[in-house]
Each structure stands twice: as C-alpha cells, then as structure tokens.
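Trainee: Got a minute to walk through this one with me? I'd like to start with the strands and then hop around.

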Amino acid sequence: MNNITEDIILDKYVYSSSFILKVYKIIKYVLGKLSNSSELLRICQNEKLRETKITYRIDQILFYSDKLKTERMKLLNGTKEQLEEAYEQILRKKKFYDNNTEKTAEAKVLMKCILRLKETYELQDILTKKANIAYDSNNQEHEDKLMELWTLLKGDEKLNSRKSEQWQTIGFQGVDPATDFRGMGILGLEQLIYFAQNFNDTAKHILSCSHHKYSWYSFAITGINLTALELDLLRERHLQYYLISHEASIESFNEFYCYLFTEFNNFWFKRPEPVTVMHFNEVFKSFKEKIISNLTNQSPIIVDTEKKKY
Amino acid sequence: MGLLTILKKNKLKEKEIRLLMLGLDNAGKTTILKKINGEDISTISPTLGFNIKTMELDGYKLNIWDVGGQKSIRSYWRNYFEQTDGLIWVIDSADRKDRFELCKKELQSLLKEERIAGASLLIFANKQDLPSALSKEQIQEFLELDSIESCHWNIQSCSAYTGENLVKGMKWITNDIRSRIFLLD
C-alpha cells in the first residue's frame, strides 16, 4: 500500500467536494495573511518533498485556484512570453518576494516544476491531433500499420484478402476495420500495435480470453474503447500524477494503455456473475471508476503479464 | 379494452415512450443519440452492448436504446424488442452496395418479428452530408419500403454530423406513437 500523503488526501476528500474546498480555501487565506506566506511558496520550500510530488501539488493548486485562472492558461497553453509573464505574476501574487527581493531558490523550483507540467498538457494536444487523424484506406502507411497489427496477433495465418471476415477474429466489427477507428483515428490503431508488439504474449493471451464461449468480447473494439477511456482520463486530469512520476511522453501513455487492457480483461472475467457482451457499457463504467480510484490512490501501475485462465 | 390497451394507456399517462435504435455497424446510431442530446460527437468509439439515453420531446419522455450493430451482436437485438413503441432504423446512405443488400436483409427479417410488428418505424437515411450519399428516394426504392404493411413507417434523410433533420425525425415518430396509442381506445 502507498503512504497516504497530503496530495492524495486533498484529491480524495477536499477537491472532490465544493463545500470542503471552500472551507479549505478560507483556512488557507487566513493562514496566508497570518504568516505572510502562501501554499505555493510553502510547497516549493518543503525540502522533504520529492520533485514529482511538488510538481503534482503545483498542478493541483493551479487547477483549483480561482485567482490564478488566467496565469494557468498562459503557463500551460501559452507562448514563451506569456509563460514568463504569468510566472512573474504568480511570484508576486503568491509571496515569492521578500521586501522586493525574490526568493530565488523557491522561484527556481517553481519554474522547473511548471515546465514539467507544461509537458503533460502538450502531450494532450499531440494525442488529440493523432486521434483526429481518421483512418484512411488510401493511405499506404495506414494500411501497412493495419497489416502489422494482423501479423503481430495472428502470426503466420494469412489474410485471404484485404476485406475479409477474418478481421472479426481479432475483434473488429466486420470485413473492413477502416470504419471501426472512428473518433480515435490512427491513435486507436497505434495503441493496439504498441500492445501487440511490446507485450506480444500477453496480447495474444488476452485475445484468446476474449473468445470466451459465454463472456466473449471484441478484442480490437475494446481496445479502441480503451483508447477513448484513456484520453478521457488524460483530459479529466486523472493521469497527471502518473505522467509526472514517469515521463509525459507518448510511450508512457502507451504503457498505461497496456496496463488498462490487462486490467480490463481481469475485471471483465472477475465480475460476481458472468457477464455477456451486452453488459459491456455497464462493466466499462465501473471499470473506469476502479481505474480512477487506483490513480487517485497513486497505486503502482504495472502491466499484468501473468496468463490467467478464464 | 384488453390488458395491452390498459397498459398502453397507463404508459401514456406517464408520457413515456420506449424507442429502439438499430442498424448495421457504422451507421451512426450513437452519433445520432449524442447529437440529439447535445453531447460531443468527436470522440465516439464503436458500441459493444448498448447505450440508453433519456430525453424530453414535446412533453414526452423518450427512452432511447441504442444497441451495437456488429454482426455478432445482432443476435442479441431480440432481447430488446419487448415493449418497444417505436423502432428507429439507421442507414449509412453512403455505404457500399453489398452493405445495402445486408441492410435490406436485416431490416426485412426484423419486420417479421411479432413483438415489434405494431411499432412505428422511422428510417434515418443518415450521412447526407457526404457527397456519395444516396437520396432518401433511392433508398426507399432499394429497400422496397413501399411493400411494408405491418406498421406505420417514414423515411427521413438526415446528418448526425451536422444535426440536420434529427429532431424532425424524432418528432414524427413521437407523434405517430401518440396517435396510434389514442386510436386503440
């Protein structure tokens, strides 16, 4: 079990309730007036905290602060000039100045952490752009990727033709996967490939689990739904701690996808009563809740490669 | 007055209508549902199982069941027939020829089902925003809709992408169900 730290308590009990958040803000305001300090400054001063934790706390403060709304926009989505401007404003507002002298060490910590945070928001843009690239059958690169997925999962089995009923054996809907990627575009395909490539045995095992006689589900379509789920988690800021503690990169995002896939398979087959594909949305909703709770508790994210029999 | 009529009258008092939305995969069922509800339609993924949405229209509460259209799920469709007041059949008007054949076959076998025989049928000729889309007249002819005698039907061209004519279609089916239930008195 993880240690329950301040950031986890805040996520679980304070930020989740607008009433408690209000009370918390009043207390912070009074403390700030009394000590001529600020929460942000205290965090940047705290030498016991790891940089990951400091960065995550700063993300929380920026997100829930009413007074730093414009600064947050400029910091995370703006140009370099806007970033510097907002940074300067925060230093002033949040008491990083002592009689007009800047507290240099703390200010440096703040800047370093802001730059790390910025990466997580940039990743969101990059991934949204990828999801917006629709799968295009006339694009040879896209077609090659699709064939790569087939080979990774099916090995030597040959596709009889480009349009084939065989696609359904890896969980596409019909004879042509092209229309299945929908709003997840090329990102949906690339994530399936990442999983099949980097966890080949596990992916094949899960594919065979998905062919269960009663509780079958469609492997590839589930994968596309998992991409949509992961993008939601990212946009709703649930992935922030994970991305800060690893690295805000496409690779980290893809690793998390593999974690999601293996966790989903376990979750699906461990329902109190066996389920069918018609329960999919219901199960998927409670799965999302479970993952959010794992993320909030900062549980370790490990891809389960054990081949369980279902 | 039979039991069914009493049931239907009670239902009318509550002003609740149950609609079942079916069609081949990638016809645009979930997108229609989300667009009507004013939700984001840019992040849709294929439906496994079903979605339900409740919406208000002209003082009626519509419960819309959107069931996945992939081949392996179609055998589950029958589980949703019970107490369905109206059927919404969604078509990708820009689909391939062989898919239109399949669409015709699935619709015809659906209409043979006793449990939905009396329901109102709305056909959404979706994706009219695409240049290659067939017109609703062409689709009407191809699907031989004029030979349908078992129920009230209407074909409505629409685009889930732009939202065009979606509400118009929903109004038709709501009105038709309303007048049909009154006629039973």
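Mentor: Sure, here is a chat about strands, helices, rings and record annotations.
Mentor: This is a predicted model, where local features need pLDDT of at least 70, side-chain atom pairs count only at pLDDT 80 or more, and totals for chains, interfaces and linings use all residues. Residues are numbered from 1 along each chain as its sequence is written, chains are lettered from A and ligands numbered from 1 in the order in which they are written, and side-chain values use heavy atoms, with hydrogens and water left out.

Trainee: Okay, strand 4 of chain B: how many of its residues are buried?

Mentor: Seven of the seven residues in strand 4 (residues 86-92) of chain B are buried. Buried means under 20% relative accessible area, exposed over 50%, partly exposed in between, with a 1.4 Å probe and protein chains only. Strands are DSSP E runs of at least two residues, helices are H or I runs of at least four, and both are numbered from the N terminus.

Trainee: And which residues sit on each side?

Mentor: B:Gly86, B:Ile88, B:Val90 and B:Asp92 are on one side, with B:Leu87, B:Trp89 and B:Ile91 on the other.

Trainee: Which strands does it pair with?

Mentor: Strand 1 (residues 16-22) of chain B pairs with strand 4 of chain B in the parallel sense over four bridges, and B:Leu19 is opposite B:Gly86 there. Pairing takes at least two DSSP bridges between the strands. Strand 5 (residues 120-126) of chain B also runs parallel to strand 4 of chain B, joined by seven bridges, and B:Leu87 has B:Leu121 as its bridge partner. Between strands 4 and 5 of chain B the chain passes through helix 4 (residues 97-111) of chain B, in a right-handed β-α-β crossover. Right-handed here means that, with the strands pointing away from the viewer, the path from the first strand over the helix to the second runs clockwise.

Trainee: What else does strand 1 of chain B pair with?

Mentor: Strand 3 (residues 60-67) of chain B, in parallel, through six bridges. B:Leu20 faces B:Trp65 in that strand. Six of the seven residues of strand 1 of chain B are buried.

Trainee: Switching to rings. How many aromatic pairs are there?

Mentor: There are 30 over all chains. Rings of Phe, Tyr and Trp (its six-membered ring) pair if their centres lie within 6.5 Å; planes under 30 degrees apart are stacked, over 60 edge-to-face and the rest tilted. One of the pairs, A:Phe280 with A:Phe284, is stacked at 5.1 Å centre to centre with 20° between the planes. Both residues lie in helix 14 (residues 280-296) of chain A, four residues apart.

Trainee: Are those two buried or exposed?

Mentor: A:Phe280 is buried at 1% relative accessible area, and A:Phe284 counts as buried at 11%. The two also belong to one aromatic cluster, whose members include A:Tyr217, A:Trp268 and A:Tyr310.

Trainee: Now helix 4 of chain A. How far apart are its end C-alpha atoms?

Mentor: They are 20 Å apart, which agrees with the 20 Å expected for the 14 residues of helix 4 (residues 51-64) of chain A. The expected span is 1.5 Å times one less than the number of residues. Eleven of the 14 are buried, so helix 4 of chain A is largely enclosed by the rest of the structure.

Trainee: Last one: what does the record say about residues 141-295 of chain A?

Mentor: The unreviewed UniProt entry annotates them as "domain: ELMO". UniProt positions are given in the numbering used here, feature names are shortened, and annotations may be inferred rather than shown by experiment. In the model, that span is 63% helix and 0% strand.
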